[in-house]
Amino acid sequence: MIRSMTGYGRKEDSRGSIRATVEIRAVNHRFSEIVVRLPKAWNMLEDSIRKLVAQYVRRGRVDVTVSVEGKNSSTTVMDIDWDVAEQLVSISREMTQRFSLETPLTVKDLLHFPGVIHTKESEDNVEELADWLQDLVRGAAMDLVSMKETEGKLLHADLASRLTAVNTWTREISQLAPLCREDYKGRLEQRVSEWAGLTPIELDPARVAQEVAFFADKSDISEELTRLDSHCQQFSIQLGKEEAIGRKLDFLLQEMNREANTIASKANHLRIQHLAVEIKTELEKMREQIQNVE
């Protein structure tokens with residue numbers, strides 16, 4: 001089943017005094033691009049969240065926004081770098097003796113010196129919260145996919161309906177194509193007869209047959225009809241696939257439009273030209289829809 005490239009997913013939950021909200025917005029894009037925005041304290045999860053969301057998105061630009069409110073009530077662990085502290089004390093004593101200073105280095109001074117005290121949250125609690133946030137991201141991604149699939153069903157129905165119309169017109173052109181030769185022959189003979197009524201002229205059957213054969217070769221659209229029918233079949237097959245098919249469908253529509261253009265220019269037949277224009281119009285509408293297919 002095809003999926004739309006646009007969609008929205010959202011999940012929120014609380015854990016203790018912390019409340020987190022995850023929002024995922026997806027829009028059209030030629031390739032796959034995932035942008036993750038996290039609070040500074042959780043930047044270490046950016047890569048893992050991007051990889052997680054990539055499992056649910058095939059193509060398009062996706063913006064993942066994670067907001068966290070409240071304070072973590074987890075245990076704060078404080079570490080002292082004793083090597084740094086000892087070096088500071090040693091340097092302080094040496095400077096006191098060398099410069100005859102009376103103000104000694106206090107414990108308060110040591111605690112305020114950068115690099116002596118290191119604080120961090122309990123590792124077990126951080127890992128637990130990280131898993132919790134990733135579960136929220138996963139839930140938002142699944143919500144996004146659900147919306148993309150719902151829109152994809154509508155796109156599938158619309159494209160299938162338009163493809164049926166293109167197939168119908170193509171078959172009608174195939175039925176009319178063999179009649180072009182006889183139609184042209186009749187019009188040519190009528191024109192020559194009209195000329196003969198004005199000017200003495202002898203109708204040469206061989207020359208007429210030669211002219212008709214030349215016209216038939218010049219206006220032959222059998223190859224274009226075969227390719228157009230083949231592209232229609234491939235388009236229908238692609239619509240039933242589960243993979244990302246947007247770019248493949250876009251390519252097929254370009255090829256189908258090229259064949260329709262050639263048919264319209266080669267076929268010297270009013271009805272066929274009219275049908276070719278109808279096909280081109282429908283293909284353009286389909287191409288607009290394809291721009292939103294993942």
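User: Why is Leu101 called partly exposed?
Analyst: Leu101 has a relative accessibility of 44%. Buried means under 20% relative accessible area, exposed means over 50%, and partly exposed is what lies in between (1.4 Å probe, protein chains only). Since 44% sits between those two cut-offs, Leu101 gets the middle label. One caution before going on: this is a predicted model, where local features need pLDDT of at least 70, side-chain atom pairs count only at pLDDT 80 or more, and totals for chains, interfaces and linings use all residues. Residues are numbered from 1 along each chain as its sequence is written, and side-chain values use heavy atoms, with hydrogens and water left out.

User: What makes Ile91, Met95, Phe99 and Leu101 a nonpolar surface patch?
Analyst: A patch takes residues with over 30% relative accessible area and no salt bridge; like charges are joined within 9 Å, nonpolar side chains (Val, Leu, Ile, Met, Phe, Trp, Tyr) within 5 Å. Leu101, at 44%, clears the 30% bar. The four residues make about 390 Å² of patch, by the Shrake-Rupley method with a 1.4 Å probe, where only the protein chains shown count as cover for residues. Leu101 itself lies in the loop between helix H2 (82–99) and helix H3 (107–112). Helices here are DSSP runs (H or I, at least four residues), as are strands (E, at least two), numbered from the N terminus.

User: How do you know that Glu12 and Arg19 form a salt bridge?
Analyst: The term asks for a side-chain nitrogen of Lys or Arg within 4 Å of a carboxyl oxygen of Asp or Glu. For Glu12 and Arg19 the closest N and O atoms are 3.0 Å apart, so the pair passes. Both partners are partly exposed, Glu12 at 36% and Arg19 at 35%. The pair also belongs to a network of salt bridges that links Arg10, Glu12, Arg19, Glu23 and Arg25. Over the whole structure, the search finds 24 salt bridges.

User: What makes Lys51 and Asp47 a salt bridge, and where do the two lie?
Analyst: Their closest N and O atoms are 3.3 Å apart, inside the cut-off. Both residues lie in helix H1 (residues 46–54), 4 residues apart, about one turn of the helix. Lys51 is exposed at 54%, while Asp47 is partly exposed at 42%.

User: Why is Glu294 called buried when its salt-bridge partner Arg58 is called partly exposed?
Analyst: Glu294 has just 1% relative accessibility, so it falls under the buried cut-off, whereas Arg58 comes out at 29% and lands in the middle class. The closest N and O atoms of the pair are 3.7 Å apart. This pair links distant parts of the chain, 236 residues apart: Glu294 is in the segment after helix H9 (270–290), and Arg58 is in the loop between H1 and strand E4 (60–69).

User: How do you know that the length of H9 agrees with its residue count?
Analyst: The expected span is 1.5 Å times one less than the number of residues. For the 21 residues of H9 that gives 30 Å, and the end C-alpha atoms are 30 Å apart, so the two agree. Helix H8 (residues 246–266) also has 21 residues and should span 30 Å; its ends are 31 Å apart, which agrees too.

User: What makes the buried residues of H9 line one face?
Analyst: The buried residues are Ile272, Leu275, Ala276, Ile279, Glu282, Leu283, Met286 and Ile290. Seen down the axis, they fall within an arc of 130°, so they line one face of the helix; the arc is that of the directions from the helix axis to the C-beta atoms. Leu270 and Glu288 are exposed on the other side.

User: Which residues touch the most other members of the largest nonpolar core, and what makes it a core?
Analyst: Phe235 and Met256 do, out of 32 residues. Helix H4 (123–176), helix H7 (222–239), H8 and H9 each supply at least two residues, and H4 gives the largest share, 8 residues. A nonpolar core is a set of buried Ala, Val, Leu, Ile, Met, Phe, Trp, Tyr and Cys residues joined through side-chain atoms within 4.5 Å. Phe235 is among the buried residues of H7, and Met256 is among those of H8, so both meet the burial condition.
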